[in-house]
Amino acid sequence: MTALVPTLAPPATKPVTSVVRLADQWYIACTSRELRQAPLKRVVLGVPLVVFREGDGRAATLLDRCPHRNVPLSMGKVVQGRLQCGYHGWQFDGAGACRAVPGLCGVAEGKGRRTPAYATREQDGFVWVFMTADVEPATEPYRLPRLNEKGYTTARQTVTAPGSLHATIENALDVPHTAFLHAGLFRGQGEPNEIEAIVRRWEGTVEAQYVGEPRPEGLIGRILSPSGGIVEHYDRFLLPSIAQVEYRIGTENHILVTSIGTPVSDWETRLYAVISFRTRFPGWLIKPFLRPIALRVFHQDTVMLRAQTELIHRFGGEQFVSTDIDVLGGPIWRLMKQAERGEVPTNTEPEEVRRVRLRV
């Protein structure tokens, strides 16, 4: 008897994926604490980079390839503020110029001897890189709000998600899945409540405001506001890769979660999450409880993102069927594609684009 081998039906239409490549943008390469004396290897948008500190301590980023014999510069070391290749000792400054060639009787610098350099900024505890080489950007990296503000406590966490930038960002801002995947931790307890979502868009931002939402009955909600209350809830996406969730409950309780995505490749995203919060309780008391809960939530998301990515590869493309309660996924995707084409909306005032009723 011949064994039957299951096959996948070919897609009815041309396979597509929600992969967007936005090069003319700032992304986080690493945290300030990670970048010490040794050069640091990183990959952003599939491009191998090396980050190092020059003699004055400033961070610099080069393409991780020595132009001499194609060896990764990250295998070398920093010598007197220059990055020295570990193969033949060529030295490069933060602008990518070759400054020394051991044994060469003559000038080391030459057009063919330089390596591409990327604009780099260090702020808010992160090292940012602009992913178009050898240009001086007209913009600056995103400034994180609430850092070092009186009354606020800040926690940071870096995690890696096995999904595209779009899928990872949508997951971070997707309300409906929290009642099922994160039941008990965030939502999924008690009777659902009908609320309204107002979606607004301006420049490189799309935002959903949720009106009439009671405090979530999960563990996180009870820690932040034991007495309950109505929530001021905003979910935002900011180009190119920032997901922001904001909750206010009364006058005392405020939490702002900013997750900044760095696309390592088309299907791997590193998230740098910064949580700034203020409650009636001391921040040092709440912080130890929030971190393990947040990591548990992310682990659950990771399982789904990995399964999603594996199935996309297996079928050779994506197939999404959305409803009205998938509030931000579509707008985020459209804004990303507009940015990829250089067609970002220029209106500076928020424009309401839709209102939706949903149960949470």
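**A walk through the model**

Let's start at one residue: aspartate 134, which has a relative accessible area of 45% and is partly exposed. Before going further, keep in mind that this is a predicted model. Why does aspartate 134 count as partly exposed? Its value of 45% falls between the cut-offs, because buried means under 20% and exposed means over 50%.

Aspartate 134 has a partner. It forms a salt bridge with arginine 114, and the closest N and O atoms of the two are 3.1 Å apart. This pair ties together distant parts of the chain, with the two positions 20 residues apart in numbering terms: arginine 114 sits in the loop between strand S8 (98–100) and strand S9 (117–118), while aspartate 134 belongs to the loop between strand S11 (126–130) and strand S12 (153–161). Arginine 114 counts as partly exposed as well, with a relative accessibility of 29%.

How many salt bridges are there in total? The count comes to 21. Another one brings together the side chains of arginine 146 and glutamate 149, at 2.7 Å from N to O. Here, too, you can check how much of each partner is open: arginine 146 is partly exposed at 23% relative accessibility, and glutamate 149 is partly exposed at 33%. Further along the chain, arginine 341 and glutamate 343 meet through their side chains in a salt bridge of 3.1 Å, N to O. Glutamate 343 has a relative accessible area of 43%, so it lands in the partly exposed class. Some salt bridges also share partners, and in that way Arg200, Glu207, Arg236, Glu246 and Arg248 are joined into one network.

Now for the strands. Strand S13, covering residues 194–202, is mostly covered, with 7 of its 9 residues buried. What does S13 pair with? One partner is strand S19 (residues 351–359), which runs antiparallel to S13 and is joined to it by 8 bridges. To find that pairing in the structure, look for isoleucine 195, whose bridge partner in S19 is leucine 358. S13 also pairs with strand S14 (residues 205–214), again in the antiparallel sense, this time over 7 bridges. A handy spot to look is tryptophan 202, which has threonine 205 of S14 as its bridge partner. S13 and S14 make a hairpin with 2 residues between them, and glutamate 203 in the turn has a positive phi of about 35°. As background for looking at any of these strands, side chains in a regular strand alternate between the two faces of the sheet.

There is also an open sheet of 4 strands, paired antiparallel in the order S2-S3-S4-S9. Which strands stand at its edges? Strand S2 (40–44) and S9 do: each has a single partner strand, so one side of each is left without a neighbour in the sheet. The partner of S9 in that order is strand S4 (residues 59–63), and the two pair in the antiparallel sense over 2 bridges. Leucine 62 stands opposite alanine 117 of S9.

Next come the aromatic rings. A pair of them is described by the distance of the centres and the angle of the planes. The structure holds 3 aromatic pairs. In one of them, the rings of tryptophan 90 and phenylalanine 92 have centres 6.5 Å apart and planes at 40°, so the pair is tilted. Buried or exposed? Tryptophan 90 and phenylalanine 92 are both buried. Another pair, phenylalanine 126 with tyrosine 272, is edge-to-face, with 5.6 Å from centre to centre and 70° between the planes. This pair links distant parts of the chain, since phenylalanine 126 lies in strand S11 and tyrosine 272 in strand S18 (residues 268–278), 146 residues apart. Phenylalanine 126 and tyrosine 272 are buried as well.

The last stop is the largest pocket, with a volume of about 630 Å³. It is lined by 23 residues, and those closest to its centre are His166, Glu170, Gln308, Phe320 and Asp326. Which helices help to line it? Helix H1 (165–172), helix H3 (283–315) and helix H4 (329–341) each supply at least two residues. H1 gives the most to the lining, with 4 residues. Sorted by class, the lining has 9 nonpolar, 10 polar and 4 charged residues.

Technical notes: Residues are numbered from 1 along each chain as its sequence is written. This is a predicted model: local features need pLDDT of at least 70, side-chain atom pairs count only at pLDDT 80 or more; totals for chains, interfaces and linings use all residues. Side-chain values use heavy atoms; hydrogens and water are left out. A salt bridge is a side-chain nitrogen of Lys or Arg within 4 Å of a carboxyl oxygen of Asp or Glu. Buried means under 20% relative accessible area, exposed over 50%, partly exposed in between (1.4 Å probe, protein chains only). On a 1 Å grid over the protein atoms alone, a cavity is a set of points where a 1.4 Å probe fits but cannot get out, and a pocket is an open set with protein on both sides within 12 Å along at least five of seven lines; lining residues have an atom within 4 Å of a point. Grid points are joined across faces, edges and corners, and a volume is the space filled by probe spheres set on the points. Ala, Val, Leu, Ile, Met, Phe, Trp, Tyr, Cys and Pro count as nonpolar, Asp, Glu, Lys and Arg as charged, and the others, Gly among them, as polar. Two strands pair if DSSP finds at least two bridges between them. Rings of Phe, Tyr and Trp (its six-membered ring) pair if their centres lie within 6.5 Å; planes under 30 degrees apart count as stacked, over 60 as edge-to-face and the rest as tilted.
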